[in-house]
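New notebook page today. I want to see how this chain is put together and where its rings meet.

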Amino acid sequence: MMSIYLRRGIGDTASLVLRNLVRYQRRPDAILLVLVQPLMLVLLFRYTIGGAIRIPGTSYVNYLMPAAFAVAIVNASATLGIGVAEDLTSGMIDRLRALPIARSSFLLGRVMTDVVRNLILIPLVGALGIAVGFHFHGTLPNLALAGVLLLGLGFTFAWISILIALWSGSVEATLGMSILLFVLVSFVSSGLAPVETMPSSLRGIAGASPVTHVDNALRILTSSASGAVTHEVLAALIWMVAILAITVPLAVWRYSYYTQ
């Protein structure tokens, strides 16, 4: 009996993932928005202030690009929340509630759609990095671990974005809160400049940010063959698990409000 429900849940989730991907195909502006922001970030910081920032032991582009991956992932997750808010206000939830599908498939479908999109987004950002002078000096296992970290970051922020949408209940509020979250995690971290250069009031917050740990781990993975990133990877994973332990139950509980 359990296997029947499991197969049904997987099938329903896969159907909703396909539905979400088809919607992206019909709305290329949504994909373009996800790509333009990291593109502009890389170009602006690479060619405007990049020449004025000196990073010991490496070039600024090699320092910047790991953060560009993280920024692209977080930005894509923010747009996921906007899509959830659109479904809430368009009556999509009511239509799904009338269908004999697993209740969990809506949330899982959105999250897995984000995973598929990130699998496409990561190589595109990597190609952009190579075009502006980024050099990868790690090993293939390091590259695989970097990809896992980025997918984990996207999975984590997908649930944060879903919770924001479910809690706000409107596209406008979700958009505003997503922009605020994007700015905070992108700039109050080691993404664009070393934490040591920040004011003391921000240094502690930026140093403890999960995005900072991901950025630092990615820098080591892409610049060294040693793979000595245990501390940063462990810190990033602990942060991700802690955030998911809070956001997933809250999102499921809040979603039940719309499906009663």
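I started with helix H6, residues 140-168, in what is a predicted model. Its 29 residues at 1.5 Å each should span 42 Å, and I found the end C-alpha atoms 42 Å apart, so the two agree. Right after H6 comes Gly169, with a positive phi near 80°.

Next I looked at the whole chain. I got ten helices and zero strands. Of the 260 residues, 48% are buried. I also checked contacts with a separation of 6 or more: 82% of them join residues 24 or more positions apart. The accessible surface is about 12800 Å², and carbon and sulfur atoms hold 73% of it.

Then I went after the rings, and the count was four aromatic pairs. One of them is Tyr60 with Tyr63, stacked at 6.3 Å centre to centre with 25° between the planes. Where do Tyr60 and Tyr63 sit along helix H3? They are three residues apart in H3 (residues 60-90), so about one helical turn separates them. Tyr60 is buried at 6% relative accessible area, and Tyr63 is buried too, at 8%.

Trp167 and Trp253 make another pair, with centres 5.9 Å apart and planes at 40°, so I noted it as tilted. This pair links distant parts of the chain, as Trp167 is in H6 and Trp253 in H10 (residues 230-258), 86 residues apart. Trp167 is partly exposed, at 48% relative accessibility.

Last, I looked for charges over these rings. Arg219 has its charged end over the ring of Tyr63, 3.6 Å from the centre. For Trp167, the charged end overhead belongs to Arg254, 5.0 Å from the ring centre.

Technical notes
Residues numbered from 1 in each chain as written. Predicted model: local features only at pLDDT ≥ 70, side-chain atom pairs only at ≥ 80, totals over all residues. Heavy atoms only, no water. Helix = DSSP H or I, 4+ residues; strand = E, 2+ residues; numbered from the N terminus. Expected span 1.5 Å × (residues − 1). Buried < 20%, exposed > 50% of the residue type's maximum accessible area, 1.4 Å probe, protein only. Contact = heavy atoms within 4.5 Å. Areas by Shrake-Rupley, 256 points an atom, 1.4 Å probe, with all protein chains shown as cover. Phe/Tyr/Trp six-rings, centres within 6.5 Å; stacked < 30°, edge-to-face > 60°. Lys NZ or Arg CZ within 6 Å of the ring centre and 35° of its normal.
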